[in-house]
Amino acid sequence: MASLCRSRGWAITAEFTEVESGGCNDRPQLASAMHLAKVTGAVLVVAKLDRLSRNMAFLATLQESGSRFLAADMPEANELTVHIMAAVALAGRKAIAIRTRDALAVAKARGVKLGNPNGAEALLRAAKGNRAATAAVRDGANCRAADYAPIIADVCASGSTSLHAIARALNERGIVTARGGRWHPSSVRNLLGRLA
């Protein structure tokens with residue numbers, strides 16, 4: 001990115017490092033960078049387009065907000081190209097998820113024991129943890145929970161307030177869990193706990 005800016009004669013106003021996934025729209029570093037770019041009239045330069053966002057609606061909103069941005073991996077991309085590449089990135093992410101899920105199911109059916117056989121034992125012995133990974137998973141789950149919040153509020157307003165009733169109502173409405181499954185009282189309890 002720095003070399004692209006130098007080649008165009010641009011001064012770097014500030015640098016931001018976002019650790020959140022491109023699939024999540026709740027990204028404080030990106031929000032700060034976009035705000036600075038907008039108020040200074042600067043161009044937001046990102047390393048790769050799919051790191052900016054894989055959400056086409058988010059990219060459209062960003063483009064309509066007046067914030068100028070470009071991706072160092074495709075600096076000549078226009079609005080149409082950005083939308084096409086976002087659609088390709090989204091399709092790629094979905095395809096990878098399907099292939100991974102299918103491969104794990106085949107391995108499990110063959111009797112392969114999945115996961116680390118030592119668990120977190122080695123990390124505990126080394127006094128190391130996975131705080132960053134845990135934080136990323138937690139933040140992703142919080143983003144997904146926020147998507148369900150208005151639906152849960154509507155279900156509860158319609159009179160379904162027990163865990164069983166909420167699960168039944170969500171299933172009847174065709175709402176799937178974050179992993180694409182059916183709702184159970186335990187999954188509703190977990191979601192409500194995250195929303196609390």
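Select arginine 173 to begin: in this predicted model, arginine 173 is partly exposed, with a relative accessible area of 39%. Now add aspartate 154 to the selection, and look at the gap between the two side chains, where a salt bridge is formed and the closest N and O atoms are 2.7 Å apart. Because arginine 173 lies in the loop between helix 8 and helix 9 while aspartate 154 belongs to helix 7 (residues 131–157), the pair ties together parts that are 19 residues apart in sequence. Aspartate 154 is likewise partly exposed, its relative accessible area being 42%. As a general point, side chains of opposite charge can pair when their charged atoms come close.

How many salt bridges does the count come to? The count comes to 2, and to see the other partners you can select arginine 138 and aspartate 139, whose side chains meet in a salt bridge at 4.0 Å, N to O. Arginine 138 is partly exposed at 43% relative accessible area, and aspartate 139, at 24% relative accessibility, also counts as partly exposed.

Return next to the loop between helix 8 and helix 9. Just after helix 8, glycine 174 takes a positive phi of about 80°, and further along the loop that joins helix 8 (163–172) to helix 9 (185–195) you will find threonine 177. Is threonine 177 buried or exposed? With a relative accessible area of 15%, threonine 177 is buried, since the cut-off for buried is under 20%. If you show the residues around threonine 177 and leave aside its neighbours within four places in sequence, the contacts are with Tyr148, Arg182 and Trp183.

Glycine 181 is another residue to select in the loop between helix 8 and helix 9, and at 28% relative accessibility glycine 181 counts as partly exposed. Draw a distance from its C-alpha atom to that of asparagine 171, and the viewer should show a separation of 9.3 Å for two residues that are 10 residues apart along the chain. Asparagine 171 is itself one of the buried residues of helix 8, a list that also holds Ala165, Ile166, Ala167, Ala169 and Leu170.

Move now to helix 2, residues 28–40, and draw a distance between its end C-alpha atoms. At 1.5 Å a residue, the 13 residues of helix 2 should span 18 Å, and the end C-alpha atoms are indeed 18 Å apart, which agrees. Colour Leu30, Ala33, Met34 and Ala37, which are the buried residues of helix 2. These residues cover an arc of only 100° around the axis, which puts them on the same side of helix 2. The general reason is that an α-helix has 3.6 residues a turn, so residues three or four places apart point the same way. Which exposed residues does the face of helix 2 turned away from its buried side carry? Select Pro28, His35 and Val39 to see that face, and then step to glycine 41, which follows helix 2 and whose phi is positive, near 75°.

For a view of the surface, select Leu80, Ile84, Met85 and Val88, which form a nonpolar patch with about 360 Å² of accessible area together. Of these, leucine 80 is placed in helix 5 (residues 79–109), and at 58% relative accessibility leucine 80 counts as exposed.

Towards the start of the chain, select alanine 2, whose place is in helix 1 (residues 2–7) and which, at 35% relative accessibility, counts as partly exposed. A distance drawn from the C-alpha atom of alanine 2 to that of glutamate 15, 13 residues apart along the chain, comes to 9.9 Å.

Finally, clear the selection and show the whole protein chain, which has 9 helices and 2 strands. Traced from the N terminus on, the elements run α-α-β-α-α-β-α-α-α-α-α. Colouring by accessibility will bring out the buried residues, which make up 26% of the 196 residues in the chain, while the chain as a whole exposes about 13000 Å², with carbon and sulfur atoms supplying 57% of that area. Among contacts between residues at least 6 apart in sequence, 56% join residues at least 24 apart.

Notes
Residues numbered from 1 in each chain as written. Predicted model: local features only at pLDDT ≥ 70, side-chain atom pairs only at ≥ 80, totals over all residues. Heavy atoms only, no water. Helix = DSSP H or I, 4+ residues; strand = E, 2+ residues; numbered from the N terminus. Expected span 1.5 Å × (residues − 1). Buried < 20%, exposed > 50% of the residue type's maximum accessible area, 1.4 Å probe, protein only. Arc of directions from axis to C-beta. Contact = heavy atoms within 4.5 Å. Patch = residues over 30% accessible without salt bridge, like charges linked within 9 Å, V, L, I, M, F, W, Y side chains within 5 Å. Areas by Shrake-Rupley, 256 points an atom, 1.4 Å probe, with all protein chains shown as cover.
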